[in-house]
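Here is a short briefing on one protein model. Please keep the sequence and the 3D view open while reading.

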Amino acid sequence: MLSRLASALALVPSLLTAQVLEGGDYVVVDYGTNTVHRMTAGGAVSNLHAGSPLTSPAGVAVDHNGDLYVSDYGQNAIYRIPRVGVVTLVTNQVRSPIRI
């Protein structure tokens, strides 16, 4: 199983950060493709969000509801990606956020 996860991580060339979700899956942020991925421990990869408004996602955090908060280095912003719904801007008043 570890080799499948390592193979999945190789698909994310610009991985900056990862967060473990309840249940053992991972959320990873790909700075180079402006994508937030979900990875299972078995190595399956799916996109949670790709593209606009993200331009340089650099960090990710998960709240108790399972909503994601993604820092965007290029826009000095933090976005909320809910489990259901649309991406919203939390703030654009942070300077070069890398980790949240």
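The points below cover a sheet, a buried residue and a surface patch.

This is a predicted model. Its open sheet has 4 strands, in the order β5-β6-β7-β8. Ile78 lies in one of them, strand β7. Ile98 lies outside, in the segment after β8.

**The sheet**
- The pairing in the sheet is antiparallel.
- β5 (57-62) and β8 stand at the edges. Each has a single partner strand, so one side of each is left without a neighbour in the sheet.
- From one strand to the next, the twist averages 30°.
- β5 pairs with strand β6 (residues 68-72) over 5 bridges, in the antiparallel sense.
- Val62 stands opposite Leu68 in β6.

**Ile78**
- Ile78 sits in strand β7, which spans residues 77-81.
- Ile78 counts as buried because its relative accessibility is 16%, and the cut-off for buried is under 20%.
- Leaving out residues up to four places away in sequence, Ile78 touches Tyr69, Val70, Ser71, Thr88, Leu89, Val90, Thr91, Val94 and Ile100.
- Ile78 and Asn92 are 14 residues apart in sequence. Their C-alpha atoms are 6.5 Å apart in space.

**The surface patch**
- Tyr31, Tyr73 and Ile98 make a nonpolar surface patch of about 260 Å².
- Ile98 comes from the segment after β8 (88-91).
- Ile98 has a relative accessible area of 41%, so this residue is partly exposed.
- That value fits the patch rule, which takes residues with over 30% relative accessible area.

Technical notes: Residues are numbered from 1 along each chain as its sequence is written. This is a predicted model: local features need pLDDT of at least 70, side-chain atom pairs count only at pLDDT 80 or more; totals for chains, interfaces and linings use all residues. Side-chain values use heavy atoms; hydrogens and water are left out. Patches are made of residues with over 30% relative accessible area and no salt bridge: like charges are joined within 9 Å, nonpolar side chains (Val, Leu, Ile, Met, Phe, Trp, Tyr) within 5 Å. Accessible areas come from the Shrake-Rupley method with a 1.4 Å probe; for residues, only the protein chains shown count as cover. A salt bridge is a side-chain nitrogen of Lys or Arg within 4 Å of a carboxyl oxygen of Asp or Glu. Helices (H or I, at least four residues) and strands (E, at least two) are DSSP runs, numbered from the N terminus. Buried means under 20% relative accessible area, exposed over 50%, partly exposed in between (1.4 Å probe, protein chains only). Two strands pair if DSSP finds at least two bridges between them. Axes are lines fitted to C-alpha atoms, for helices over the stretch in contact, and angles run from 0 to 180 degrees between N-to-C directions. Contact means heavy atoms within 4.5 Å.
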